[in-house]
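Q: Could you walk me through this model before I go back to the bench? I'd like the overall layout and then some of the details.

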Amino acid sequence: MTPVTAPREQRDRVAALLELLTHVDENLQEPATYQLVSPSGEVIDLPESVFLLLERIIEVLASGDAITVVPVGKELTTQQAANILNVSRQYLVRLLNDGRIPFRKIGTHRRVRMEDLLAYKRQRDRDRIASLDDLSQLSQDFDGYDEIPNEG
(Lines give C-alpha, C1' and ligand atoms only; values in the text may rest on other atoms or scores of the structure.)
Protein backbone atom coordinates (compact mmCIF):
# COMPACT_ATOMS: atom_id res chain seq x y z
CA MET A 1 0.00 0.00 0.00
CA THR A 2 2.76 2.39 -0.89
CA PRO A 3 1.43 5.66 -2.34
CA VAL A 4 2.51 6.40 -5.90
CA THR A 5 3.04 9.83 -7.34
CA ALA A 6 4.18 10.96 -10.77
CA PRO A 7 7.77 12.23 -10.65
CA ARG A 8 8.07 15.87 -11.60
CA GLU A 9 9.70 15.02 -14.94
CA GLN A 10 6.68 12.83 -15.89
CA ARG A 11 3.89 15.21 -14.89
CA ASP A 12 3.65 16.84 -18.33
CA ARG A 13 3.15 13.43 -19.97
CA VAL A 14 0.56 12.44 -17.35
CA ALA A 15 -1.29 15.73 -17.89
CA ALA A 16 -1.21 15.16 -21.67
CA LEU A 17 -2.65 11.68 -21.14
CA LEU A 18 -5.44 13.10 -19.00
CA GLU A 19 -6.17 15.72 -21.66
CA LEU A 20 -6.38 12.98 -24.29
CA LEU A 21 -8.78 10.92 -22.15
CA THR A 22 -11.07 13.83 -21.33
CA HIS A 23 -11.52 14.76 -24.97
CA VAL A 24 -12.96 11.47 -26.17
CA ASP A 25 -15.76 12.22 -28.62
CA GLU A 26 -19.00 11.33 -26.83
CA ASN A 27 -20.94 11.51 -30.10
CA LEU A 28 -19.34 8.39 -31.54
CA GLN A 29 -21.70 5.99 -33.32
CA GLU A 30 -20.27 3.02 -31.44
CA PRO A 31 -19.03 2.89 -27.85
CA ALA A 32 -15.34 3.70 -27.55
CA THR A 33 -13.00 0.79 -27.02
CA TYR A 34 -9.74 1.20 -25.19
CA GLN A 35 -6.69 -0.93 -25.69
CA LEU A 36 -3.48 -1.58 -23.86
CA VAL A 37 -0.33 -2.36 -25.80
CA SER A 38 2.39 -4.34 -24.05
CA PRO A 39 6.10 -3.62 -24.60
CA SER A 40 6.18 -6.68 -26.89
CA GLY A 41 3.36 -5.20 -29.02
CA GLU A 42 0.56 -7.46 -27.78
CA VAL A 43 -2.77 -5.59 -27.83
CA ILE A 44 -5.63 -6.28 -25.42
CA ASP A 45 -9.00 -4.54 -25.10
CA LEU A 46 -9.57 -2.91 -21.72
CA PRO A 47 -12.86 -3.54 -19.95
CA GLU A 48 -14.68 -0.29 -19.19
CA SER A 49 -14.24 -0.80 -15.43
CA VAL A 50 -10.46 -0.98 -15.84
CA PHE A 51 -10.46 2.08 -18.09
CA LEU A 52 -12.51 4.09 -15.56
CA LEU A 53 -10.09 3.15 -12.78
CA LEU A 54 -7.07 4.11 -14.90
CA GLU A 55 -8.76 7.39 -15.83
CA ARG A 56 -9.25 8.23 -12.13
CA ILE A 57 -5.65 7.28 -11.31
CA ILE A 58 -4.36 9.50 -14.12
CA GLU A 59 -6.57 12.37 -12.91
CA VAL A 60 -5.07 12.15 -9.40
CA LEU A 61 -1.49 11.83 -10.64
CA ALA A 62 -1.94 14.76 -13.05
CA SER A 63 -2.97 16.97 -10.12
CA GLY A 64 0.35 16.14 -8.42
CA ASP A 65 -1.21 14.05 -5.66
CA ALA A 66 -0.16 10.57 -4.58
CA ILE A 67 -2.54 7.64 -4.89
CA THR A 68 -2.88 4.23 -3.31
CA VAL A 69 -5.22 1.60 -4.70
CA VAL A 70 -6.69 -0.61 -2.00
CA PRO A 71 -9.53 -3.12 -2.40
CA VAL A 72 -12.60 -1.79 -0.59
CA GLY A 73 -13.21 -5.05 1.29
CA LYS A 74 -9.61 -5.25 2.48
CA GLU A 75 -8.89 -5.53 6.17
CA LEU A 76 -6.06 -3.38 7.44
CA THR A 77 -3.68 -3.69 10.34
CA THR A 78 -3.81 -0.91 12.90
CA GLN A 79 -0.56 0.49 11.52
CA GLN A 80 -1.90 0.57 7.96
CA ALA A 81 -5.12 2.23 9.15
CA ALA A 82 -3.16 4.77 11.19
CA ASN A 83 -1.02 5.60 8.15
CA ILE A 84 -4.12 6.24 6.02
CA LEU A 85 -5.54 8.60 8.67
CA ASN A 86 -2.11 10.14 9.24
CA VAL A 87 -2.28 9.48 12.99
CA SER A 88 -0.20 7.40 15.37
CA ARG A 89 -1.04 3.73 15.82
CA GLN A 90 -1.71 4.39 19.52
CA TYR A 91 -4.24 7.11 18.68
CA LEU A 92 -5.95 4.79 16.19
CA VAL A 93 -6.17 2.04 18.83
CA ARG A 94 -7.84 4.56 21.16
CA LEU A 95 -10.39 5.37 18.41
CA LEU A 96 -11.09 1.64 18.01
CA ASN A 97 -11.43 1.04 21.74
CA ASP A 98 -13.76 4.06 22.06
CA GLY A 99 -16.03 2.54 19.41
CA ARG A 100 -15.44 5.34 16.89
CA ILE A 101 -14.30 2.88 14.19
CA PRO A 102 -15.57 -0.72 13.99
CA PHE A 103 -12.96 -3.48 14.06
CA ARG A 104 -12.62 -7.18 14.69
CA LYS A 105 -10.01 -9.15 16.53
CA ILE A 106 -8.03 -12.05 15.15
CA GLY A 107 -6.37 -13.46 18.24
CA THR A 108 -4.79 -10.40 19.83
CA HIS A 109 -4.62 -8.41 16.59
CA ARG A 110 -7.19 -5.82 15.53
CA ARG A 111 -8.31 -5.57 11.91
CA VAL A 112 -10.14 -2.60 10.41
CA ARG A 113 -12.21 -2.83 7.21
CA MET A 114 -11.20 -0.25 4.63
CA GLU A 115 -14.78 0.93 4.11
CA ASP A 116 -15.21 1.52 7.86
CA LEU A 117 -11.97 3.48 7.98
CA LEU A 118 -12.95 5.59 4.96
CA ALA A 119 -16.41 6.26 6.44
CA TYR A 120 -14.75 7.52 9.64
CA LYS A 121 -12.34 9.65 7.60
CA ARG A 122 -15.17 11.22 5.57
CA GLN A 123 -17.10 12.04 8.76
CA ARG A 124 -13.96 13.42 10.43
CA ASP A 125 -13.33 15.65 7.42
CA ARG A 126 -16.95 16.89 7.41
CA ASP A 127 -16.72 17.64 11.15
CA ARG A 128 -13.46 19.56 10.64
CA ILE A 129 -14.94 21.66 7.86
CA ALA A 130 -18.03 22.42 9.97
CA SER A 131 -15.83 23.44 12.92
CA LEU A 132 -13.73 25.71 10.73
CA ASP A 133 -16.90 27.29 9.34
CA ASP A 134 -18.14 27.87 12.90
CA LEU A 135 -14.85 29.46 13.93
CA SER A 136 -14.85 31.66 10.88
CA GLN A 137 -18.40 32.79 11.60
CA LEU A 138 -17.55 33.53 15.26
CA SER A 139 -14.58 35.57 14.15
CA GLN A 140 -16.78 37.59 11.80
CA ASP A 141 -19.51 38.00 14.44
CA PHE A 142 -17.05 39.46 16.95
CA ASP A 143 -14.99 41.49 14.47
CA GLY A 144 -12.09 39.17 15.19
CA TYR A 145 -9.64 40.62 12.70
CA ASP A 146 -8.61 44.22 12.44
CA GLU A 147 -7.97 45.57 9.01
CA ILE A 148 -4.31 45.72 8.12
CA PRO A 149 -3.32 49.28 7.32
CA ASN A 150 -2.20 49.79 3.76
CA GLU A 151 1.51 50.55 3.80
CA GLY A 152 2.21 52.23 0.59
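A: Happy to, and please keep in mind throughout that this is a predicted model. Read along the sequence, the order of elements is α-β-β-α-β-α-α-β-β-α, which amounts to 5 helices and 5 strands in the protein.

Q: How much of the protein counts as buried?

A: Of its 152 residues, 20% count as buried. The protein exposes about 12000 Å², and carbon and sulfur atoms supply 52% of that area.

Q: And among contacts between residues at least 6 apart, what share joins residues at least 24 apart in sequence?

A: That share is 53% for the protein. As a single example of residues that are separated along the chain, E55 and L17 are 38 residues apart in sequence, while their C-alpha atoms are 9.2 Å apart in space. E55 is found in helix α2, which covers residues 48-62, and at 22% relative accessibility E55 counts as partly exposed.

Q: Let's go to α5. How many residues does it have, and how far does it reach?

A: Helix α5 has 28 residues and reaches 40 Å from its first C-alpha to its last, which is close to the 40 Å expected at 1.5 Å a residue. The helix takes in residues 114-141, and just after it D143 takes a positive phi of about 50°.

Q: Which residues of α5 are buried, and what do they pack against?

A: The buried ones in α5 are M114, D116, L117, Y120, R124 and S139. They pack against β3 (75-76), α3 (78-85), α4 (89-97) and β5 (109-113).

Q: R124 is an arginine and still on that list, so what is its relative accessibility, and which residue does its side chain meet in a salt bridge?

A: R124 has a relative accessibility of 14% and therefore counts as buried, the cut-off being under 20%. Its side chain meets that of D125 in a salt bridge, at 3.7 Å from N to O. D125 also forms a salt bridge with K121, and there the closest N and O atoms are 3.5 Å apart.

Q: Where do K121 and D125 sit relative to each other?

A: Both lie in helix α5, 4 residues apart, which is about one turn of the helix. An α-helix has 3.6 residues a turn, so residues three or four places apart point the same way. As for exposure, K121 is partly exposed with a relative accessible area of 25%, and D125 is likewise partly exposed, at 28%.

Q: How many salt bridges does the structure hold, and which residues are linked in a network?

A: The structure holds 6 salt bridges, and R113, E115 and D116 are linked in a network of them. Within that network, R113 pairs with D116, with the closest N and O atoms 3.7 Å apart. R113 is partly exposed, with a relative accessible area of 36%, whereas D116 is among the buried residues of α5.

Q: Switching to the surface, which residues form a nonpolar patch?

A: L132, L135, L138 and F142 form a nonpolar patch on the surface, with about 470 Å² of accessible area together. One of them, L135, lies in helix α5 and is exposed, with a relative accessible area of 55%.

Q: Back to α3, which of its residues are buried, and on which side do they lie?

A: In α3 the buried residues are T78, A81, A82 and L85. They cover an arc of only 100° around the axis, so they lie on the same side of α3. Their packing partners are β3, α4, β5 and α5, and α3 in turn is one of the elements that the buried residues of α5 pack against.

Q: What comes just after α3?

A: Just after α3 comes N86, which takes a positive phi of about 60° although it is not a glycine.

Q: Where does N86 lie, and is it buried or exposed?

A: N86 lies in the loop between α3 and α4, and it is exposed, with a relative accessible area of 70%. If you are inspecting backbone angles in the model, D143, just after α5, also has a positive phi, of about 50°.

Terms used: Residues numbered from 1 in each chain as written. Predicted model: local features only at pLDDT ≥ 70, side-chain atom pairs only at ≥ 80, totals over all residues. Heavy atoms only, no water. Patch = residues over 30% accessible without salt bridge, like charges linked within 9 Å, V, L, I, M, F, W, Y side chains within 5 Å. Areas by Shrake-Rupley, 256 points an atom, 1.4 Å probe, with all protein chains shown as cover. Salt bridge = Lys/Arg side-chain N within 4 Å of Asp/Glu carboxyl O. Helix = DSSP H or I, 4+ residues; strand = E, 2+ residues; numbered from the N terminus. Buried < 20%, exposed > 50% of the residue type's maximum accessible area, 1.4 Å probe, protein only. Expected span 1.5 Å × (residues − 1). Contact = heavy atoms within 4.5 Å. Arc of directions from axis to C-beta.
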